[in-house]
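Please open the structure in your viewer and keep the sequence panel beside it, so that each selection can be followed along the chain. The tour moves from one selection to the next and says what is there.

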Amino acid sequence: MDKQVEEIKRAIGSDRALIAVSGGVDSTTSAALVHRAIGQNLLCVMLDDAFMREKEPKKVAQLLSQPPLNLPMKVLNVQQRFLSELKGLRDAEEKRKKFRETFYKILGETAKKEGCRFLVQGTIQADILETKGGIKTQHNVLAQIGISPAKRYGFKVIEPVASLYKEQVRDVARYLGVPAEISERQPFPGPGLSVRVVGEIKIDKLEALKKATTIVEENFAKHDPSQYFAAIIEDSEMPQHPSMEQMRETSARYLNVPARYLSMKVFKDKATGVKGGERHYGKIVSIKAQTADGRIHQATVKDLVTLQTKVVTENPSFTRILYAIREKPQKQPYVVSLRAIQTHDFLTAQVSEIPWTTLIETAEKILGSCPKVSSVYYDVTPKPPATIEME
Ligand code: XMP
């Protein structure tokens, strides 16, 4: 850490630097390191881009500007700008690229206005590996893929934690006295909830997702997954899929439920996955298995993951398998998918064995507070073949 602080001092000198802080462990640790090196010449901005969680921008800005961090924080309300730039886009990579472009345009303008020649970023090793590998466009990896930040946006980039993995960044954070609320926090992607609104971003869809996110975070934390969240999907189906019957039979056999009690759905929007180390934008499939009295069959997560392997192997165009937890009798525009995973490096991940009592409680709360959501599913796909985020 001492070496990094010295290097940052030498690189920035008496210039000013800007950092976009989200309150995540990577950007906060980077900000704290650079703040040690250059003090008040660092400006921390929180881009309130419409994709943060409920009340998050205010809460995070308050926490970071207080002791022990005392970071010089400014919150920029740029919600309308992001929402209008992303309006109408459905494809995951198009959304990610537009997010990145808008993010850097705003930062470039802010750096110019504030007289900052340097931009500090919390890029970590996994971000670089995944962007280089072409899995998905990370919001913050530029130079590594040949985009010159100086030419395109007018600033030089400093990445103090780029050689570290998440757990190592947490160590640095603890050492720096970053509050545990942040150093132990689950990761949150740079493009925020925009990558959890599958397909087109619509205001009512985003609002429902924010409510569902709060509920999942409250209910899943006690099981201590590495990451846990909700995603929202439009409840619109592809016309009958050719392998549906075969899939139904496979699922019936694996779950030991008669095929007539099983229903499946292939969604119109797709989700990002990985196949043979490469990006694979594939189909999302849901499975609902009922008992003879019409209740949801509570299969074990282990069995559901085994079934998922079988279904994905037989149907390589699928990257996500969702299993029904609860649904309303009346169809609404959206469904919610819950995700919880265990991982060390975030490059691969296992599905967490969340107990059914928690799954049901969470699903019922979501259905109760989100009128436009009619079903809640548990995502039973490991990484690979899925990625952790939906997009
Ligand atoms: P995936 O979805 O690629 O996620 O399996 C791996 C980890 O990275 C996070 N993630 C991101 N973090 N900017 C970030 O700062 C991004 O664009 C981004 N995309 C994914 C994700 O939440 C998970 O922890």
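Begin by selecting helices H10 and H13, where H10 passes H13 in a right-handed crossing. The model you are looking at is a predicted one. H10 covers residues 203–220 and H13 covers residues 356–369, and the two pack at an angle of about 155 degrees with their axes 10 Å apart. Because of that angle, H10 is roughly antiparallel to H13. To see the contact, show the side chains of Lys211, Ala212, Ile215, Val216, Asn219 and Phe220 on H10, together with Thr358, Leu359, Glu361, Thr362, Lys365, Ile366 and Ser369 on H13. The residues of this contact of H10 with H13 divide into 6 nonpolar, 4 polar and 3 charged.

Next, select residues 244–255, which form helix H11, and residues 301–314, which form helix H12; these two pack at an angle of about 155 degrees, and their axes are 10 Å apart. H11 is therefore roughly antiparallel to H12. The crossing in which H11 passes H12 is right-handed. On the H11 side the contact is made by Gln246, Met247, Thr250, Ser251, Arg253, Tyr254 and Leu255, while H12 contributes Leu304, Thr306, Leu307, Lys310, Val311 and Glu314. Coloured by residue class, the contact of H11 with H12 divides into 6 nonpolar, 4 polar and 3 charged residues.

Now go to the start of the numbering and select helix H1 (residues 2–12) with helix H2 (residues 25–38), whose axes come within 8 Å and cross at roughly 65 degrees. H1 and H2 are therefore roughly perpendicular to each other. Their crossing is right-handed. Val5, Ile8, Lys9 and Ile12 of H1 meet Leu33, Val34, Arg36, Ala37 and Ile38 of H2 in this contact. The residues of the contact of H1 with H2 divide into 7 nonpolar, no polar and 2 charged.

The following stops concern the backbone. Most residues other than glycine have a negative phi, and most peptide bonds are trans. Select Lys55, a residue other than glycine whose phi is positive, near 60 degrees. Lys55 lies in the loop between strand S2 (42–48) and H3. Then move along to Pro67 and Pro68, which are joined by a cis peptide bond with omega near 5 degrees. Pro68 is found in the loop between helix H3 (56–65) and strand S3 (73–77). A further cis peptide bond runs from Lys383 to Pro384, with omega near -15 degrees. Pro384 is in the segment after strand S12 (373–379).

Finish at the ligand, and display the residues around it. Which of the 15 residues around the ligand come nearest? They are Lys136, Gln227, Lys383, Ile388 and Glu389. Of these, Lys383 has already appeared on this tour, at the cis peptide bond leading to Pro384. With the side chain of Lys136 shown, look for an N or O atom that is 2.6 Å from an oxygen atom of the ligand. Turn then to Glu389, where a polar side-chain atom lies 2.5 Å from an oxygen atom of the ligand. Lastly, select Arg96, whose side chain has an N or O atom 2.9 Å from a nitrogen atom of the ligand.

Key. Residues are numbered from 1 along each chain as its sequence is written. This is a predicted model: local features need pLDDT of at least 70, side-chain atom pairs count only at pLDDT 80 or more; totals for chains, interfaces and linings use all residues. Side-chain values use heavy atoms; hydrogens and water are left out. Axes are lines fitted to C-alpha atoms, for helices over the stretch in contact, and angles run from 0 to 180 degrees between N-to-C directions. Helices (H or I, at least four residues) and strands (E, at least two) are DSSP runs, numbered from the N terminus. Angles under 35 degrees count as roughly parallel, over 145 as roughly antiparallel, 65 to 115 as roughly perpendicular and the rest as oblique. A crossing is left-handed if the near helix is turned anticlockwise from the far one by less than a right angle, and right-handed if clockwise. Contact means heavy atoms within 4.5 Å. Ala, Val, Leu, Ile, Met, Phe, Trp, Tyr, Cys and Pro count as nonpolar, Asp, Glu, Lys and Arg as charged, and the others, Gly among them, as polar. A residue is near a molecule or strand if one of its heavy atoms lies within 4 Å of it. A polar contact is a pair of N or O atoms within 3.5 Å; within protein, one must be able to donate a hydrogen and the other to accept it, and residues adjacent in sequence count only if both atoms are side-chain atoms.
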